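Here is a short report for a reader meeting this structure for the first time. Keep the view open while you read.

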Amino acid sequence: MSTAQQDPTPDSGTDMELYDLRIHVDRIEGRSVCGMMVDDYIDIVRSNEMRLPEGKHFCMYAFAAILPMLSAKQRDLPADDWMNKDSLVACPDPEERLIMRIERTGKCQLRSEDLT
């Protein structure tokens, strides 16, 4: 008979936890040539699923500017990490001066073996 202590909760099989994110247009200081408006958004859920509201779009170039930050924003970071403090990203189009904000909207439990 084993003397190892057993966890009373059933094993969910998850081994990682990531934040779901919402990237929304915070403000436009120029003119929107891509057709996006303040409060337009895209959600990133379950690590890699991109979801848009019905009938909406999100500019590919604006999304490309924010993409390098998403992986870090999905993870828990040390409190003094600059990524915890910076949430604003500018679209690369200088005429638009479109500013996006990254927000954490919840957490999801995942199994790394399902993702790699």
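The sections below cover the sheet, the helix, the core and the salt bridges of this predicted model.

## The sheet

Start with the strands. Five of them, all told 5 strands, form an open sheet. Their order is β3-β2-β1-β5-β4, and the pairing is antiparallel. Two strands stand at the edges: β3, residues 49-51, and β4, residues 88-90. Each has a single partner strand, so one side of each is left without a neighbour in the sheet. From one strand to the next, the twist averages 25 degrees.

Look at the β4 edge. Strand β4 is joined to β5, residues 98-110, by 3 bridges. These two strands run antiparallel. Val 89 has its bridge partner in β5, and that partner is Met 100.

## The helix on the sheet

Helix α1 spans residues 60-73 and packs on the sheet. It touches β1 (16-28), β2 (41-45), β3, β4 and β5. The direction of α1 makes about 35 degrees with that of β5.

## The nonpolar core

The largest nonpolar core holds 20 residues. Which of them touch the most other members? They are Ile 23, Phe 58, Met 100 and Ile 102. Met 100 has appeared already, as the bridge partner of Val 89.

Several elements feed this core. At least two residues come from each of β1, β2, α1 and β5. Helix α1 gives the most, with 5 residues.

Ile 23 deserves a separate look. Neighbours within four places in sequence are left aside here. Its contacts then include Phe 58, Met 100 and Ile 102. Ile 23 is also in contact with Tyr 41, Ile 42, Ile 44, Ile 66 and Leu 70. Asp 40 and Arg 101 are on the list too, and both return below.

## Salt bridges between strands

The model has 9 salt bridges. One of them pairs Glu 17 with Lys 107, with the closest N and O atoms 3.0 Å apart. This pair links distant parts of the chain. Glu 17 is in strand β1 and Lys 107 is in strand β5, 90 residues apart. Glu 17 is partly exposed, at 37% relative accessibility. Lys 107 is partly exposed as well, at 42%.

Another salt bridge joins the side chains of Arg 101 and Asp 26, at 3.1 Å from N to O. Here too the link is between distant parts of the chain: Arg 101 sits in β5 and Asp 26 in β1, 75 residues apart. Arg 101 has a relative accessible area of 28%, which makes it partly exposed. Asp 26, at 22%, is partly exposed. These two residues also belong to a network: salt bridges that share partners join Asp 26, Arg 27, Glu 29 and Arg 101.

## A salt bridge between loops

Lys 56 forms a salt bridge with Asp 40. Their closest N and O atoms are 3.2 Å apart. Lys 56 lies in the loop between β3 and α1, and Asp 40 in the loop between β1 and β2, so the pair ties together parts that are 16 residues apart in sequence.

Is each partner buried or exposed? Lys 56 is partly exposed, at 38% relative accessibility. Asp 40 has 7% relative accessibility. The cut-off for buried is under 20%, so Asp 40 counts as buried. Asp 40 is also among the contacts of Ile 23, a residue of the core.

Note on methods: Residues are numbered from 1 along each chain as its sequence is written. This is a predicted model: local features need pLDDT of at least 70, side-chain atom pairs count only at pLDDT 80 or more; totals for chains, interfaces and linings use all residues. Side-chain values use heavy atoms; hydrogens and water are left out. Two strands pair if DSSP finds at least two bridges between them. Helices (H or I, at least four residues) and strands (E, at least two) are DSSP runs, numbered from the N terminus. Axes are lines fitted to C-alpha atoms, for helices over the stretch in contact, and angles run from 0 to 180 degrees between N-to-C directions. Contact means heavy atoms within 4.5 Å. A salt bridge is a side-chain nitrogen of Lys or Arg within 4 Å of a carboxyl oxygen of Asp or Glu. Buried means under 20% relative accessible area, exposed over 50%, partly exposed in between (1.4 Å probe, protein chains only). A nonpolar core is a set of buried Ala, Val, Leu, Ile, Met, Phe, Trp, Tyr and Cys residues joined through side-chain atoms within 4.5 Å.
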